[in-house]
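User: Got a minute to walk me through this one? I'd like to start with how its helices pack.

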Amino acid sequence: PPTIYRKDYAAPTYFVDTVEMGFDLEPELTRVATRITMQRNPAAAGKDIELYGEELDLVQLRLNGKTLTARDYRVQGGILRIPGAPAKVTLDIETTTNPQRNTSLMGLYVSNGNFFTQCEAEGFRKITYFPDRPDVMGKYTVMLRADKKKYPVLLSNGNLIEEGNLPDGRHYAKWEDPFKKPSYLFALVAGKLVCQEEKYKLQSGREVLLQVWVEDGNLDKTQHAMDSLKNSIRWDEERFGLELDLDRFMIVAVGDFNMGAMENKGLNIFNTKFVLANPRIATDVDYANIEAVVGHEYFHNWTGNRVTCRDWFQLSLKEGLTVFRDQEFSADMIGSDSGRAVKRIDDVRVLRQAQFPEDAGPMAHPVRPDSFVEINNFYTVTVYEKGAEVVRMYQTLLGRDGFRKGMDLYFKRHDGQAVTCDDFRAAMADANKRDLKQFERWYSQSGTPRVAASVRYDAKAKTLELTLEQSCPSTPGQKKKLPFHIPVAVGLLDSKGKDMALSLSGEKTAKSPQTTRVLELTQAKQTFKFTDVAEKPVPSILRGFSAPVVLEYEYSDAELAFLMAHDSDAFNRWEAGQRLATRRLLNLTIAVQAARQSGHVVSVESVLGNLQQDDALTNALRTTLNDTSLDPAFRELVLTLPSETMIAEQMEVIDPQAIHAARQFLRRTLAKDLSADLLAAYEANQNKGAYSPDATASGKRALKNVVLSYLAELDDEQAHTLAQQQCDNANNMTDRLAALAALTNSRAEGKGKALEAFYTEFEQEALVIDKWFTLQATARTADVETVRALAQHPAFTLKNPNRARSLIFSFCNGNPSAFHALDGSGYTFWAEQVIALNGSNPQVAARLARSMDRWRKYSTTLQEKMRAALRQVADTPNLSRDVAEVITKSLS
Ligand code: HT7
Ligand code: ZN
């Protein structure tokens, strides 16, 4: 398959004015009649009309009323070209498709008997021939016709302008979208659905209609999504002065969906996972995710829809910016400083766990990629999460007000346009009269930069020199990197742990000096000199994780414990604990390997026991656990050890079993050493009363449940009883699932029964059954045979992406020591699943294919087995573009 390059961008040959579509919806044969009015781009005189189409049956094609025959156009590689057309054109296109057979879930498809569409990025071309590219925008009118009994609800973008009955039990609805939009934002929904609706008053006084549509039986699960939508609308008015531009805004939930949700204009379509919630079925994390995703899709209405992308290489223009906006929204919804910090830590954890490895692997690409084979493969953590970090850095460099000025200018300049990441940067620079030229490298260079810091304190001169040196590893296609423009937020702690007032050499002493300074590192190496530093401080560097880099600084254990106890920057306070724990875990991992190599048949326990003499970590964790002045949600984060994947990324050669043994050992040791404190914390953080997903209540639950997970490591009767009681008495899914996980990972007698009871109770709740599969796939005792057996369960199907993710992805990505079993059985299983998915849903298959990204980091024995599995997939006939791209890049 061909590679598409950013440098080859060419403007469209024709621009679209209006699009009228008529749908006769039938599951096996849907007729689509499309009338497009278009005008030639004056800069492209003499060029063909170019229409994209995939898996379509073309019934008829007319140009300005004249039927075209096969001699009048050419179809090649999914593009229909019409040469010699006049400057003004009306095209009438009639096509048919089979939505029932469409298992790719792109274009028009059927889910549980209802019709849905997914057009981003290139799904519209599976509905009709069209200049399906984001820089071609038109005004849409859509007529939907379908059987009234089977499909009583007919929805599309914009406003409902007409509806009525037709002969033969059919009916119709006509929708008009007042805003011009690219085809990827088109949507329709038809089927048996019900809605919760509310009128909502905007700050301007205008009233809008809000609807959340779900399948019958789910109306008791829509309130949180509705509340989140109202909060999002208010937040965007207050923080960015952006108002909802439509009179009607709809959210529809669908059980079969490739991603999280889709921001179609006025008709957002959501994975049920990010809509449906009540305390019985949803965890605190689900509630938080729903709020974030509802916000994210709503915020796209401005960042993505009103101002869209010129081409798909600019995807982060809308995604990075919108993730940043949803992160800020969620933080503001929590409100407190500590809540903001907790949210920041959560976001950084995702970045490090998923994006850093991507940036170091075979699929590494810049935030604004230079090429792709299949755009669906570029909806990545780099484009989304690193992209959000890039946007956050503008705010860090320009301040909140400066960032807002930049946003205002961006909308003033580009409302209604399809633009580039450079346009966004220019708006930020111009609104603040700043030169942000070098900042462009965050968009063009891949790889995670490293910043090595060192300090030199001069007691006589009372100065502290902080030297920062940046570098960036080579990544595919990019050997050499130029220096980035990196904001490094720094504080200095005195011996009492208090923040020092900071002044930099050469500047006048400020009246109220700051205690955190944002240093701008722009060269390969730079030294910053702080003056009037009364005593040798402990530096707190990269506060708030002010840039997506790896900070290298040789902290002593004592300094880390000191920062854990005192740093006023909650992010770095947590970070100090993670550094200390990582250090321990790496040492323990090496010890496990050494024990294994020595060939002695000894228990890990007896080998590692001696290493636990130094208890800086234990003491620091005890202090944090017992410090009731700290937010429980923050304490939970501190108590959570770096994941096995995080440890793996620190190793030259990944040894999953040794990492697992080391981490388990440390958890058990901590559980023993802190057992009294843990029990006390378990009792102190019981939530009494009705369930609420608010930050305070969910923080307490999080702490209580991490504590339970530690106690469960003791695997004694007391722990079993606690878990069983919590499982039996929980009034919410968070507590229920945490207790069930504790039981599943233990040797408790009742664990089989508990799992069975859970299944029986929630058999009808697909999202809960997903959790049931995940819990077992990631259980400590699970191996590939467990997962194979679960894949035979009647409730399992690969066809539903959520279900596939719940079992297969959870095992391959979330249970490293079992997936990387030394006999290679995990890889054989992986290959089978990728091949099976490739036939039905290439996009989901390609995501699973990414589980092998880091194969070159394993031992040669494992590498050989992984290479064989990769080759097996590579040699499969009819490999999709999606999977082929991932596998080819992995093997190259
Ligand atoms: N903008 C949306 C992207 C999306 C998508 C892309 C490819 C295939 C299926 C998809 N579903 C949704 C999601 C978002 O970022 O809001
Ligand atoms: Zn998005």
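Analyst: Sure, one term before we start: a crossing is called left-handed if the near helix is turned anticlockwise from the far one by less than a right angle, and right-handed if clockwise. Also keep in mind that this is a predicted model.

User: OK, so which way does α17 pass α18?

Analyst: α17 passes α18 in a left-handed crossing. The contact involves A723, Q724, Q726 and C727 on the α17 side, and D735, R736, A739, L740, A742 and L743 on the α18 side. By type, six of those residues are nonpolar, two polar and two charged.

User: And what are the angle and axis distance for α17 and α18?

Analyst: The angle is about 145°, and the axes are 8 Å apart. Helix α17 covers residues 717-729 and helix α18 covers 733-744.

User: Switching topic: which non-glycine residue between β32 and β33 has a positive phi?

Analyst: That's L542, with phi near 65°. L542 sits in the loop between β32 (538-541) and β33 (550-552).

User: Is L542 buried or exposed?

Analyst: L542 is buried, because it has 24 C-beta neighbours inside 10 Å and the cut-off for buried is 20 or more.

User: What about E55, what's its phi?

Analyst: E55 has a positive phi too, about 55°, and isn't a glycine. E55 is in the loop between β4 (49-52) and β5 (57-63). With 16 other C-beta atoms within 10 Å, E55 is partly exposed.

User: Last one: which peptide bond is cis?

Analyst: The one from E120 to A121, with omega near 0°. A121 lies in the loop between β11 (114-118) and β12 (137-147).

Conventions. Residues numbered from 1 in each chain as written. Chains lettered and ligands numbered in written order. Predicted model: local features only at pLDDT ≥ 70, side-chain atom pairs only at ≥ 80, totals over all residues. Axes fitted to C-alpha atoms, helices over the stretch in contact; angles between N-to-C directions. Helix = DSSP H or I, 4+ residues; strand = E, 2+ residues; numbered from the N terminus. Contact = placed C-beta atoms within 7 Å. Nonpolar A, V, L, I, M, F, W, Y, C, P; charged D, E, K, R; others polar. Buried ≥ 20, exposed ≤ 12 C-beta atoms within 10 Å, placed from the backbone.
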